[in-house]
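Please examine the sequence and the model shown here. The report that follows describes how its parts are arranged.

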Amino acid sequence: MTDQPNQRRVLFVEDEPALRISYERFFRPRYAMAFASSGAEALARLAEESPDVVVLDIGMPRLNGFEACRRI
């Protein structure tokens with residue numbers, strides 16, 4: 001995650017590349033952003049980083065957003 005001073009850190013968990021690109025275009029100027037393409041990858045990123053907010057896709061294969069939220 002690339003941080004600017006006083007910038008909120010957001011981890012987006014999304015398996016659709018087009019949506020990740022849309023989120024980045026919309027939110028990048030205001031937030032320091034990181035992305036994960038699966039629930040498992042999100043859990044690994046959380047072990048390394050401390051985002052202020054996690055935005056989860058609910059309908060992911062294997063580890064869906066609900067289960068990832070429970071584990072977080």
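## Aromatic pairs and sheet packing

Both F12 and F35 are buried, where buried means under 20% relative accessible area, exposed over 50%, and partly exposed in between (1.4 Å probe, protein chains only). The structure is a predicted model, in which local features need pLDDT of at least 70 and side-chain atom pairs count only at pLDDT 80 or more, while totals for chains, interfaces and linings use all residues. Residues are numbered from 1 along each chain as its sequence is written, and side-chain values use heavy atoms, with hydrogens and water left out.

A pair of aromatic rings is described by the distance of the centres and the angle of the planes. Rings of Phe, Tyr and Trp (its six-membered ring) pair if their centres lie within 6.5 Å; planes under 30 degrees apart count as stacked, over 60 as edge-to-face and the rest as tilted. By this criterion, 5 aromatic pairs are found in a search of the whole structure. One of them joins F12 and Y23, and it is stacked because the ring centres are 5.1 Å apart and the planes stand at 25°. This pair connects distant parts of the chain, with F12 in strand β1 (residues 9–13) and Y23 in helix α1 (residues 17–27), 11 residues apart. Helices (H or I, at least four residues) and strands (E, at least two) are DSSP runs, numbered from the N terminus.

F12 has a relative accessibility of 4% and therefore counts as buried, whereas Y23, at 24%, counts as partly exposed. F12 also forms a stacked aromatic pair with F35, with 5.6 Å from centre to centre and 25° between the planes. Here too the pair links distant parts of the chain: F12 lies in β1 and F35 in strand β2 (residues 32–36), 23 residues apart. Ring pairs join F12, Y23, F26, F27, Y31 and F35 into a cluster.

Strands of a sheet pair through backbone hydrogen bonds, either parallel or antiparallel. In this model, an open sheet of 3 strands has the order β2-β1-β3, with parallel pairing; two strands pair if DSSP finds at least two bridges between them. Because β2 and β3 stand at the edges with a single partner strand each, one side of each is left without a neighbour in the sheet. On average, neighbouring strands of this sheet are turned by 20° against each other, direction ignored. Axes are lines fitted to C-alpha atoms, for helices over the stretch in contact, and angles run from 0 to 180 degrees between N-to-C directions.

The parallel pairing of β1 with β3 extends over 4 bridges, and F12 stands opposite V55 in β3. Helix α1 packs on the sheet, where it touches β1 and β2, and its direction makes about 175° with that of β2. Contact means heavy atoms within 4.5 Å. Helix α2 lies across β1, β2 and β3 and runs at about 135° to β2.

The largest nonpolar core has 6 residues in all: L11, V13, A34, A36, A42 and M60. A nonpolar core is a set of buried Ala, Val, Leu, Ile, Met, Phe, Trp, Tyr and Cys residues joined through side-chain atoms within 4.5 Å. The elements giving two or more residues to this core are β1 and β2. Leaving aside neighbours within four places in sequence, A42 is in contact with L11, V13 and A36.

Several residues outside the strands and helices are listed below with their accessibility.

| Residue | Location | Relative accessible area | Class |
|---|---|---|---|
| R8 | segment before β1 | 54% | exposed |
| E49 | loop between α2 (39–48) and β3 | 18% | buried |
| S50 | loop between α2 and β3 | 52% | exposed |
| R62 | loop between β3 (53–56) and α3 (65–71) | 83% | exposed |

The side chains of E49 and R45 are joined by a polar contact of 2.8 Å. A polar contact is a pair of N or O atoms within 3.5 Å; within protein, one must be able to donate a hydrogen and the other to accept it, and residues adjacent in sequence count only if both atoms are side-chain atoms.

Most residues other than glycine have a negative phi. R62 is not a glycine, yet has a positive phi of about 60°.

Two C-alpha separations complete the account. R8 and M33 are 25 residues apart along the chain, and their C-alpha atoms are separated by 8.5 Å. Not counting residues up to four places away in sequence, R8 touches Y31, A32 and D52. S50 and R25 are 25 residues apart along the chain, with their C-alpha atoms separated by 22 Å.
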